[in-house]
Amino acid sequence: MSRQTVHIPENFILGAAASAWQTEGWSGKKPGQDSWPDAWYQQDRHVWHNGYGPAVANDFINRFSEDVALMKASGLTHYRTSINWSRFLIDYETATVDEEYAAYYDRLIDEMQRQGIELMLCLEHYELPALLLEQYGGWQSKHVVELFIRYVEQVFKRYAGRVTRWFVFNEPIVVQTRVYLDALRWPYEQNTHKWMQWNHHKNLATARAVQLFRKRGYAGRIGTILNPEVTYPRSSAPHDQKAAHIYDLFYNRVFLDPAIKGEYPAELLALLDKHQIEWETTPEELAIIAANTVDEVGLNLYYPHRVKAPSRAWHPETPFHPAWYYEHFELPGRRMNRSRGWEIQPEIIWDMAQRMRDEYGNIPWFVAESGMGIENEAQFKDAGGEIQDDYRIAFISEHLHQAIRASQAGINCQGYMLWAFTDNVSPMNAFKNRYGLIEIDLDKHRQRRMKKSAHWFRTLRDTQQFTLWLDDEPK
């Protein structure tokens with residue numbers, strides 16, 4: 001083991017993130033304001049761990065003052081959350097604002113400014129109104145793109161100027177991948193055609209929100225938050241290299257390229273055409289995407305993805321899925337977070353950073369989510385009841401080090417944000433694996449309590465440095 005002191009660059013973001021639907025709860029929610037996760041939970045509560053879902057969540061909507069005080073105590077410079085589209089309006093067609101819910105954000109912004117923490121707002125974090133899924137097929141419909149822009153216009157009118165860091169989506173690929181590509185979540189329909197149409201309409205919605213932001217001359221920056229799956233081939237053999245390349249096209253470049261370069265990769269379009277994937281676009285839509293690329297991107301980076309060439313022929317009666325070209329591969333001896341079943345590989349941040357420099361014009365970006373979910377954290381409480389999460393401190397240290405390494409190398413990496421600030425509900429996983437700097441005690445009315453990592457993070461912010469132990473010596 002070698003000991004290294006890492007110095008944090010000036011103005012480097014040290015923040016954390018969450019979403020509206022995972023933290024706020026349903027307090028004050030009116031009939032007809034369900035989001036897609038709300039509807040899924042109501043349809044399939046049994047698949048959510050121990051039945052916990054978004055109904056109460058952390059009750060952030062009523063306890064945000066307490067939580068913002070904890071953000072300050074934990075040393076956050078920035079906090080990113082979303083506005084819940086399904087709750088912000090009481091009529092999606094006319095974009096009529098729910099003044100009660102909108103006033104809650106007014107109070108939240110006031111409190112964040114009072115505590116000196118910069119609020120970043122995301123316009124959609126899986127919160128598609130369930131009514132629009134039922135009536136129009138959700139993002140399958142071009143009309144839903146129009147309704148989204150009407151919603152965005154109302155949000156900008158209310159908060160632009162008070163908030164200057166905006167993000168159109170968080171992980172725009174996830175919902176349709178889980179629902180229409182893999183059919184793992186409600187409403188369970190394997191349909192690659194719909195998957196690609198949802199991708200396109202979210203890319204179009206991103207460009208149109210950027211266009212609106214700039215047309216109105218609002219101060220600040222607007223971007224999007226993506227979750228690129230840093231992908232490694234099993235071997236150097238051409239067939240494995242091809243598998244990784246095509247995986248990257250379908251799961252990463254389908255959003256990275258339109259957002260940053262303003263166009264879809266030609267190879268991706270050729271593959272979609274080859275497999276007769278039906279999705280509609282127009283020259284006018286492609287022109288909007290080309291003319292309205294983002295100012296910055298957040299990248300959610302958790303673990304590496306490893307693939308190999310497929311070992312079996314595709315079944316002729318199975319519709320096309322990108323897995324036609326790959327199989328997942330598990331690296332023998334890989335380092336694991338066994339609670340979550342995810343490989344731990346901090347170098348994914350460095351590898352992605354080089355790609356942002358070399359392939360995407362060194363656009364400003366930051367790590368928007370990174371974190372470690374652990375099951376049954378109560379086992380790590382000390383005599384005073386504080387969770388001694390040294391494993392999380394080690395995880396953050398190693399991953400933050402890679403982000404700072406990128407910044408010091410002249411790559412335009414502007415910060416590192418944790419998932420999450422508090423323990424919160426995750427899709428299906430609910431409160432099973434805990435990610436937060438702050439414990440949410442479900443047995444004590446969701447009492448908040450700082451973990452050891454929260455105190456450490458505050459010291460990190462105050463001293464602008466930390467000590468890292470690297471396992472880099474022969475044994």
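This is a short tour of side-chain contacts in the structure, stop by stop. Keep in mind that the model is predicted.

**Stop 1: aromatic pairs**

There are 46 aromatic pairs to pick from, so let's take two. Select Trp21 and Trp48 to begin. Their ring centres sit 6.2 Å apart with the planes at 90 degrees, which makes the pair edge-to-face. Now colour by secondary structure: Trp21 belongs to helix α1 (residues 20-23), while Trp48 is in the loop between α2 (36-43) and α3 (60-73). The two are 27 residues apart in sequence, so the contact ties those parts together. Turn on a surface and you'll find both Trp21 and Trp48 buried.

Stay with that loop and select Tyr52, then add Phe431. Here is another edge-to-face pair, 5.7 Å from centre to centre and again with 90 degrees between the planes. How many residues apart in sequence are Tyr52 and Phe431? The answer is 379: Tyr52 lies in the loop between α2 and α3, and Phe431 in the loop between β17 (413-419) and β18 (433-434), so the pair ties these parts together. Check the surface once more for each partner. Tyr52 counts as partly exposed, at 29% relative accessibility, whereas Phe431 counts as buried at 5%.

**Stop 2: charges over rings**

Next, select Trp26 and Lys29. Lys29 lies over the face of Trp26, 4.5 Å from the ring centre. Then jump to Trp350 and Arg405, where the charged end of Arg405 sits over the Trp350 ring at 3.9 Å from its centre.

**Stop 3: salt bridges**

The count of salt bridges comes to 38, and three of them are on this route.

- Select Glu189 and Lys194. Their closest N and O atoms are 3.0 Å apart, in a salt bridge. Glu189 is partly exposed at 29% relative accessibility, and Lys194 is partly exposed too, with a relative accessible area of 23%.
- Select Lys308 and Glu327. Their side chains meet in a salt bridge at 3.9 Å, N to O. Lys308 is in strand β11 (residues 305-308) and Glu327 in strand β12 (residues 327-328), so the bridge ties together parts 19 residues apart in sequence. Glu327 is partly exposed, with 21% relative accessible area.
- Select Arg434 and Asp423. The closest N and O atoms of this salt bridge are 2.8 Å apart. Arg434 is in strand β18 and Asp423 in the loop between β17 and β18, 11 residues away. Are these two buried or exposed? Both Arg434 and Asp423 are buried.

Before you leave Arg434 and Asp423, extend the selection to Glu377, Asp389, Arg392 and Lys451. Salt bridges with shared partners join these residues, along with Asp423 and Arg434, into one network.

**Stop 4: the cysteines**

Finally, select Cys122 and Cys413. How many disulfides does the structure hold? The count is zero. Draw a distance from the sulfur of Cys122: the nearest cysteine sulfur is that of Cys413, 19 Å away, and Cys122 is in no disulfide. Going the other way, Cys413 has the sulfur of Cys122 as its nearest cysteine sulfur, and Cys413 is in no disulfide either. With a cut-off of 2.5 Å between the sulfur atoms, a separation of 19 Å does not qualify. On the surface check, Cys122 counts as buried at 0% relative accessibility, and Cys413 is buried with a relative accessible area of 4%.

Key: Residues numbered from 1 in each chain as written. Predicted model: local features only at pLDDT ≥ 70, side-chain atom pairs only at ≥ 80, totals over all residues. Heavy atoms only, no water. Phe/Tyr/Trp six-rings, centres within 6.5 Å; stacked < 30°, edge-to-face > 60°. Helix = DSSP H or I, 4+ residues; strand = E, 2+ residues; numbered from the N terminus. Buried < 20%, exposed > 50% of the residue type's maximum accessible area, 1.4 Å probe, protein only. Lys NZ or Arg CZ within 6 Å of the ring centre and 35° of its normal. Salt bridge = Lys/Arg side-chain N within 4 Å of Asp/Glu carboxyl O.
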